[in-house]
Amino acid sequence: MSRVLLDAVRTFTDAQEGESPFRTAIDGLTILRADHEKRPDHLIFKPALCIVLQGAKWAVFGDRHVDYRAGEALVISVEMPAFGRVAEASPEEPYLGLIIEFDLGIMQEVLQTLPHPPRAAGDVSFGVFVSNFDGPLADCALRMVRLLKTPAAIPVLYPSIMREICYWLLTGPNGGEVALMTLGNDHSHRIVSVIHGLRDRFSEPMRIEDLAEKAGMSPSAFHRKFKAITQMTPLQYQKHLRLLEARRLMVAEAANVETAAFRVGYESASQFSREYTRMFGTPPRRDVTALRAVAA
């Protein structure tokens, strides 16, 4: 991995005010820094390349634990809830990382223009894997970070850099996984379409039979393939989305417990509080008070 890239990201974060994550002028590029190890927290990963330049992280997707550290990238194909933390960081050597969200339109264009496109491996697979991050991919990331110094060039040059990133991923050793997970064959594509629907309408009641019908599968096959991709059941996926959104509503919009519970689809505030406590480790009001104190 390029030392120049690490230095460029460190210089960028040294000049920023406020706390990480740092949103940038490039839509989809986020820069991360942590001077200390962080406590585990719940979050939602979007389809992206999550690069570690210094330090280490881990994440848990359903039943699957994934470690990744300096010189590696977590490649995510489907928007998924997860539980993770910065596991290695210090003031002298802070955790530094990049999140580059995929442009799936460009990914599909690149795949269609390859003279020898990768063959999607298997039927469905877990929507996350760890890859080495070096060579051409590191060069693309460096040029993307350097673009931040010339915002006027971003709309002109960013698409070509994203095309390069897609090319190197699709032609690399994990090209088959990228092709399957990002674009999908018939089975995985239908599952991903249902996942997008769940994400957009997570507050609505859900029946496995209805989701399976939309995917054109039997309920048992749908349940099995959904879990193969996300490492959680559809019900667990919906519950994670609901509770994360409720937490955001209470912290960012000052919604009370009852209002947040109702807005994300719960009919019972007591059931909401039980499930919230089980997921976050503390009751809603106490958790939100602590989060607000940290942000103050």
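How many bridges join strand 3 to strand 8 (residues 80-88)? Five, and the two strands run antiparallel. Keep that pair in mind; the tour returns to it. The model on screen is predicted.

**Stop 1: the whole chain**

Show everything as a cartoon. The chain has twelve helices and ten strands. Its radius of gyration is 20 Å, close to the 19 Å that the globule rule gives for 296 residues, so the chain is as compact as a globular protein of that length. Along the principal axes, the C-alpha atoms fill a box of roughly 55 × 50 × 35 Å.

Now switch on the surface. The accessible area comes to about 14600 Å², and carbon and sulfur atoms account for 51% of it. Buried residues make up 48% of the 296 residues. Take the contacts between residues at least 6 apart in sequence: 72% of them join residues at least 24 apart.

**Stop 2: the four-stranded sheet**

Select strands 3, 8, 5 and 6. They form an open antiparallel sheet in the order 3-8-5-6. Strand 3 (41-45) and strand 6 (64-69) stand at the edges with a single partner strand each, so one side of each has no neighbour in the sheet. From one strand to the next, the twist averages 35°.

Zoom in on strands 3 and 8. Five bridges hold this antiparallel pair. Pick Asp-41: its bridge partner in strand 8 is Gly-84. Add helix 9 (234-252). Helix 9 packs on the sheet and touches strand 3 and strand 8. The direction of helix 9 makes about 110° with that of strand 3.

**Stop 3: the six-stranded sheet**

Next, select strands 1, 2, 9, 4, 7 and 10. This sheet is also open, with antiparallel pairing and the order 1-2-9-4-7-10. Strand 1 and strand 10 (128-132) are the edge strands, each with a single partner, so one side of each is left without a neighbour in the sheet.

Start at the strand 10 edge. Strand 7 (residues 72-76) meets strand 10 through five bridges, in the antiparallel sense. Ile-76 stands opposite Val-128 in strand 10. Helix 4 packs on this sheet, touching strand 4 and strand 9. Its direction makes about 95° with that of strand 9.

**Stop 4: strand 2 and its neighbours**

Move to the other edge. Strand 1 (residues 22-23) pairs with strand 2 in the antiparallel sense over two bridges. Arg-23 has Thr-30 of strand 2 as its bridge partner. The two strands form a hairpin with five residues between them. In the turn, find Gly-28, which has a positive phi of about 105°.

Step back along the chain to Pro-21, in the loop between helix 1 and strand 1. The peptide bond from Ser-20 to Pro-21 is cis, with omega near 10°.

Is strand 2 itself enclosed or open? Six of its six residues are buried, so strand 2 is largely enclosed by the rest of the structure. In a regular strand the side chains alternate between the two faces of the sheet. Show side chains to check both faces. Leu-29, Ile-31 and Arg-33 are buried on one side, and Thr-30, Leu-32 and Ala-34 are buried on the other. Strand 2 also runs antiparallel to strand 9, with six bridges joining them. One of these links Arg-33 to Leu-96 in strand 9.

**Stop 5: helix 3**

Select residues 136-147. At 1.5 Å a residue, the twelve residues of helix 3 should span 16 Å; the end C-alpha atoms are 17 Å apart, which agrees. Colour its buried residues: Leu-137, Ala-138, Cys-140, Ala-141, Leu-142, Met-144, Val-145 and Leu-147. Their cover includes helix 1 (3-14), strand 2 (29-34), strand 4 (48-54), strand 9 (95-101) and helix 4 (154-170).

**Stop 6: two positive phi angles**

Pick Gln-231, in the loop between helix 8 (219-230) and helix 9. Its phi is positive, about 65°, although Gln-231 is not a glycine. At 12% relative accessibility, this residue counts as buried. Beyond its neighbours within four places in sequence, Gln-231 is in contact with Phe-61, Gly-62, Asp-63, Arg-64, Phe-126 and Phe-226. Draw the C-alpha distance from Gln-231 to Arg-64: 6.6 Å, across 167 residues of sequence.

Finish at Ala-254, in the loop between helix 9 and helix 10 (257-263). Ala-254 also has a positive phi, near 60°. Is it buried or exposed? At 58% relative accessibility, Ala-254 counts as exposed.

Note on methods. Residues numbered from 1 in each chain as written. Predicted model: local features only at pLDDT ≥ 70, side-chain atom pairs only at ≥ 80, totals over all residues. Heavy atoms only, no water. Expected span 1.5 Å × (residues − 1). Buried < 20%, exposed > 50% of the residue type's maximum accessible area, 1.4 Å probe, protein only. Contact = heavy atoms within 4.5 Å. Pairing = 2+ DSSP bridges. Axes fitted to C-alpha atoms, helices over the stretch in contact; angles between N-to-C directions. Rg over C-alpha atoms; globule rule 2.2 N^0.38 Å. Areas by Shrake-Rupley, 256 points an atom, 1.4 Å probe, with all protein chains shown as cover.
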